[in-house]
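Hello,

Here is the structure I promised to pass on to you. Please have a look at it first, and then read my notes below.

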Amino acid sequence: TGNLLARLGRYAEGISMIRAALDAALALNHPALVGETYQRLADAIERSSDFRTGAATNREGIAFCENQNVAGGIVGCLACMSWILVRGGEWDQASAACRRILDSDAAAPPARTVALGASGLVHVLRGERKKGEPLLLEADALARRLEHALMELICRWGLALCDASANDDAAAAERCRGILARWRQTDETHSAMPILRWAATCFARVGDRDGLRQCAEAFGDAAAAFSHAEPLSALAHVLGESAWLEGDIPRAAEQF
């Protein structure tokens, strides 16, 4: 319940509830439950865009699970942490977490999917398309099979970045339309923010006003639901792209 409240924008209430659950799980001496609760606490904190504290919480969970020899808990926290680290710009640490997942015998298909996708995305963000694209394609196939919505969005973003790096803006925009279509089937507004921000710039580059409008609507809804600065920044970004596309440079500069 606490994790759900945080995902709905009620961060303080949700985080407080999960911390109480963590204390109870520790008192019960139930290692597997403690490991899962750490994952949910880190996710709730990340939803407030506090990436540093979210990752630190995952590290606490990893240390606990290592001490208790709970291999599944270690992999779960690593998978959760890898996306938080990517979002926070800690690419070296994200890649290291992914390598630990892929080297672990306890890595179930969902965790392996996250590790492949996050590793591939980091490579592409660094301009290493040849290294990243095969990982993204493999992760995308797994994510579709598992119906792992967030990883589907992440992989499609990474592949759109590949298209853009090859100067194929039309192909990148088409992938972004697929991202919007898949995103509308989910509740992943918070996690999709960096993806949709990039998509907005891609749509502006090819003159896709409808795609831009959909991104603006998404961030308008996010700004209404979440109380922190990230969705407001994203909305201003999209409005700036829209103004630039319409030739209103002073308004675009103001929004940016």
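**An exposed asparagine in a loop**

Asn 69 counts as exposed, because its relative accessibility is 68% and the cut-off for exposed is over 50%. Do keep in mind that this is a predicted model. You will find Asn 69 in the loop between helix H4 (51-68) and helix H5 (71-87). Although Asn 69 is not a glycine, its phi is positive, at about 60°.

**Glu 147 and helix H9**

Glu 147 is another residue to look at. It has a positive phi of about 55° and is not a glycine either. Its place is the loop between helix H8 (129-146) and H9. Is Glu 147 buried or exposed? With a relative accessible area of 65%, Glu 147 is exposed.

Moving along the chain, we come to helix H9 (residues 149-165). At 1.5 Å a residue, its 17 residues should span 24 Å, and the C-alpha atoms at its ends are indeed 24 Å apart, so the two values agree. How many of the 17 residues of H9 are buried? The count is 16, so to speak of H9 as mostly covered is fair. Just after H9 comes Asn 167, which takes a positive phi of about 60°.

**His 237**

Next, please turn to helix H13 (residues 229-245), where His 237 lies. His 237 has a relative accessible area of 15%, and because buried means under 20%, His 237 is buried. Which residues is it in contact with, leaving aside neighbours within four places in sequence? They are Arg 197, Thr 201 and Phe 256.

**The whole protein**

Stepping back, the protein has 14 helices and zero strands, so every element you meet from the N terminus on is an α. Its C-alpha atoms fill a box of roughly 60 × 40 × 30 Å along the principal axes. For 256 residues, a compact globule would have a radius of gyration near 18 Å, and the 19 Å of this protein agrees with that.

Buried residues make up 50% of the 256. Among contacts with a separation of 6 or more, 57% are between residues 24 or more positions apart.

As for the surface, the accessible area comes to about 11,800 Å², and carbon and sulfur atoms account for 51% of it. The side chains include 27 positive and 33 negative ones, and the centres of these two sets lie 2 Å apart.

Enjoy exploring it!

Best wishes

How values were computed
Residues numbered from 1 in each chain as written. Predicted model: local features only at pLDDT ≥ 70, side-chain atom pairs only at ≥ 80, totals over all residues. Heavy atoms only, no water. Helix = DSSP H or I, 4+ residues; strand = E, 2+ residues; numbered from the N terminus. Rg over C-alpha atoms; globule rule 2.2 N^0.38 Å. Buried < 20%, exposed > 50% of the residue type's maximum accessible area, 1.4 Å probe, protein only. Contact = heavy atoms within 4.5 Å. Areas by Shrake-Rupley, 256 points an atom, 1.4 Å probe, with all protein chains shown as cover. Lys, Arg positive; Asp, Glu negative; His and termini not counted. Charge placed at Lys NZ, Arg CZ, Asp CG, Glu CD. Expected span 1.5 Å × (residues − 1).
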